[in-house]
Protein chains: 2
Amino acid sequence: MISIGIDIGGTSIKGAGITKEGKVLEVFSLPVDKQDNQETTINKLIDAVNNYIKEQGFKKEEILGIGLGVPGVMDTKAGVITYSNNLQWYELPIVEMMEKGTGLKVKITNDANAAALGEGRYGAGKKYKNIIMVTLGTGVGGGIIIDGKLFEGNLGKGAELGHTVVVIDGEQCSCGRKGCLEAYASATALIRDTKRAMEQHKESKCWEIAEKLGKVDARVAFEADRLGDPVGHQLVENYVKYLGEGLLNYFNIFRPEAVILSGGIANEGEYLLSRLRKYFEERNYGFQGTPKVELLVSELGYDSGKIGAGALFF
Amino acid sequence: MISIGIDIGGTSIKGAGITKEGKVLEVFSLPVDKQDNQETTINKLIDAVNNYIKEQGFKKEEILGIGLGVPGVMDTKAGVITYSNNLQWYELPIVEMMEKGTGLKVKITNDANAAALGEGRYGAGKKYKNIIMVTLGTGVGGGIIIDGKLFEGNLGKGAELGHTVVVIDGEQCSCGRKGCLEAYASATALIRDTKRAMEQHKESKCWEIAEKLGKVDARVAFEADRLGDPVGHQLVENYVKYLGEGLLNYFNIFRPEAVILSGGIANEGEYLLSRLRKYFEERNYGFQGTPKVELLVSELGYDSGKIGAGALFF
């Protein structure tokens, strides 16, 4: 028995048969045409799925169902995408449409949740049953696995781990509030802080590094820190502090066994992780007898979303 | 069929038979003697429970089990109290001891969780299945109900809703971190802020109010605000802002149907609630299609802990 796991992105949709062992079979993909209305996009997806099943020679009886990871706000029980900013979808009854079009059972979840489920069951988190996954990209996304199952909050509309305020009246966040974790721990935030520091410190090595890269991105501060630049060092120290405090908050709410970091900034790997671990060790006081939280980086990369969407049926 | 719900406090233990409808039968209580070691306390509790069952004429077959709400950190699955600061209990295998001593099945949870479960199932939250309860007392406690069930985090060691930082580098918290919600939204914090404001404003009506009450407590700021005092007004505005931001964080993580406030400050009732609702309406942006969160105060008062502990079996 397999499932079909589909990762819907703003520019393309990728899917594949997923085995219970988390193996990704042949992958199919289709572009998202911004000119199409939402119904047309879903009809194209239905055709792509039906063709894929035919081409692969899968029997319908061996497919448990189709899992979809979608960027946006949704009612997972009703099977409706309430709103997707990336896709410009509104009140889209995606589950009903896809079930009619494919004759298979369909489940949906948020894309960050799908990635967390994939990574939690088959990737860096496979030894653990209670995991928080935090994606450090353009924004800060989150996924929560409790007792091996996805925890999405009421109606699948929770787990917005990037949108909790850690500095009241702090930096403006994309969501409208001020001081969210996303406004401090996203790549966007680190780039903002790097640019600010560079303006104040013309002598910083950040300038040469940015010139080599052709832009100021989230790697500049880390690279400058590695080269012993005091401005880079301060930027990384600051980043670790804000991300560290945000993660400690989630320790106290969920008490996970492991936290998995993904997204661009997680590519800094042990350089970031070792600094975060030190931060936690010095500050995980107050709650005696609480177990240690392992800090890890993701292993599955871009496959985690497809695998996790498929895992909605395992 | 009934259960026995027991609320363990720092100075006394109160218990009662609880019906499936949430009715509290005859109550028994015993003092906690600080001279007793933890085993002696549990043995006294076992005697009290056995006597109570005998006196009430309950048959063992009609009792589903004994639920305990305990202040402290515990492993709910193992049935062990890891640490209770109030009771000075360490690594206490309370479930095993009580099961041996009573011949009944025993379950434990944190006292704040028990209160949330009671209030959620039988009190202010009974119309809802997804609730956050926040206790605004000496500290800030929390309980989370998802799909009608208690959500305690891994090993029952999560749900520490008062101990999430909302102001990095902010006010010192009792847990050791700085800037926790508890350090802004507890009665202790409001009293601290009231005293500070009074020192700066000798003309404030807070002074007379405190004199009448014989102390500066958490009511002073609210009473002064009601009397049109600008210092009281600023204190209440500030309190609403910090509590409001903390609650909005929990909206984004859990997306509850309702938030129930309890504890001393919740006695301000609609005066506080209407101000918080206004704060939410102006700031619940960013996530279109998210349902409204009802804001309520607790209805069961001190019974909520006993009822909730009993409800661990329903």
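## Helices, domains and a two-chain pairing

Helices α3(A) and α10(A) are roughly perpendicular to each other, because angles of 65 to 115 degrees count as such. Their axes pack at an angle of about 85 degrees and lie 6 Å apart. Before going on, keep in mind that this is a predicted model.

So who touches whom here? On the α3(A) side you'll find A:Asp111, A:Ala114, A:Ala115, A:Ala116, A:Leu117, A:Gly118, A:Glu119, A:Arg121 and A:Tyr122. They meet A:Ser304, A:Gly305, A:Ile307, A:Gly308, A:Ala309 and A:Ala311 of α10(A). Sorted by class, the residues of this contact are eight nonpolar, four polar and three charged.

Now for the domains of chain A. The domain assignment gives domain 1 as 2-110 + 303-311 and domain 2 as 124-297. The C-alpha centres of these two domains of chain A sit 30 Å apart. Where they touch, domain 1 of chain A puts in seven residues and domain 2 of chain A puts in five. On the domain 1 side, the elements giving two or more residues are β5 (73-75) and β8 (106-110) of chain A. Strand β5(A) has the largest share of that side, with three residues. By class, the domain 1 side comes out as two nonpolar, three polar and two charged residues.

Over in chain B, two more helix pairs are worth a look. Here they are next to the pair from chain A:

| Helix pair | Residues | Angle | Axis distance |
|---|---|---|---|
| α3(A) and α10(A) | 111-122 and 303-311 | about 85 degrees | 6 Å |
| α6(B) and α7(B) | 206-213 and 219-226 | about 130 degrees | 9 Å |
| α5(B) and α8(B) | 187-200 and 230-254 | about 150 degrees | 11 Å |

Take α6(B) and α7(B), which pack at about 130 degrees. That angle makes α6(B) oblique to α7(B). The crossing of these two helices is right-handed. From α6(B), the residues B:Cys206, B:Ile209, B:Ala210 and B:Leu213 meet B:Arg219, B:Val220, B:Ala221, B:Glu223 and B:Ala224 of α7(B). That contact has seven nonpolar and two charged residues, with no polar ones.

Next come α5(B) and α8(B), at about 150 degrees. This angle makes α5(B) roughly antiparallel to α8(B). Their crossing is right-handed too. Here B:Leu190, B:Asp193, B:Thr194 and B:Ala197 of α5(B) meet B:Val231, B:Leu235, B:Asn238 and B:Tyr239 of α8(B). The class count for this contact is five nonpolar, two polar and one charged.

Helix α8(B) turns up again where the chains meet. The contact between chains takes 38 residues from chain B and 38 residues from chain A. On the chain B side, β6 (80-84) and α8 of chain B are the elements that give two or more residues. The largest share of that side, six residues, comes from α8(B). In all, the chain B side has 17 nonpolar, 14 polar and seven charged residues.

How are the two copies arranged? Chain B superposes on chain A after a rotation of 180 degrees with 0.0 Å of shift along its axis, and the RMSD is 0.0 Å. The two copies are therefore related as by a two-fold rotation axis. The same surface serves both copies, with 100% of the contact residues of chain B recurring in chain A.

Conventions: Residues are numbered from 1 along each chain as its sequence is written. Chains are lettered from A and ligands numbered from 1 in the order in which they are written. This is a predicted model: local features need pLDDT of at least 70, side-chain atom pairs count only at pLDDT 80 or more; totals for chains, interfaces and linings use all residues. Axes are lines fitted to C-alpha atoms, for helices over the stretch in contact, and angles run from 0 to 180 degrees between N-to-C directions. Helices (H or I, at least four residues) and strands (E, at least two) are DSSP runs, numbered from the N terminus. Angles under 35 degrees count as roughly parallel, over 145 as roughly antiparallel, 65 to 115 as roughly perpendicular and the rest as oblique. A crossing is left-handed if the near helix is turned anticlockwise from the far one by less than a right angle, and right-handed if clockwise. Two residues are in contact if their C-beta atoms, placed from the backbone, lie within 7 Å. Ala, Val, Leu, Ile, Met, Phe, Trp, Tyr, Cys and Pro count as nonpolar, Asp, Glu, Lys and Arg as charged, and the others, Gly among them, as polar. Copies are superposed by least squares on the C-alpha atoms of residues with pLDDT of at least 70 in both. Domain bounds come from an automatic or database domain assignment.
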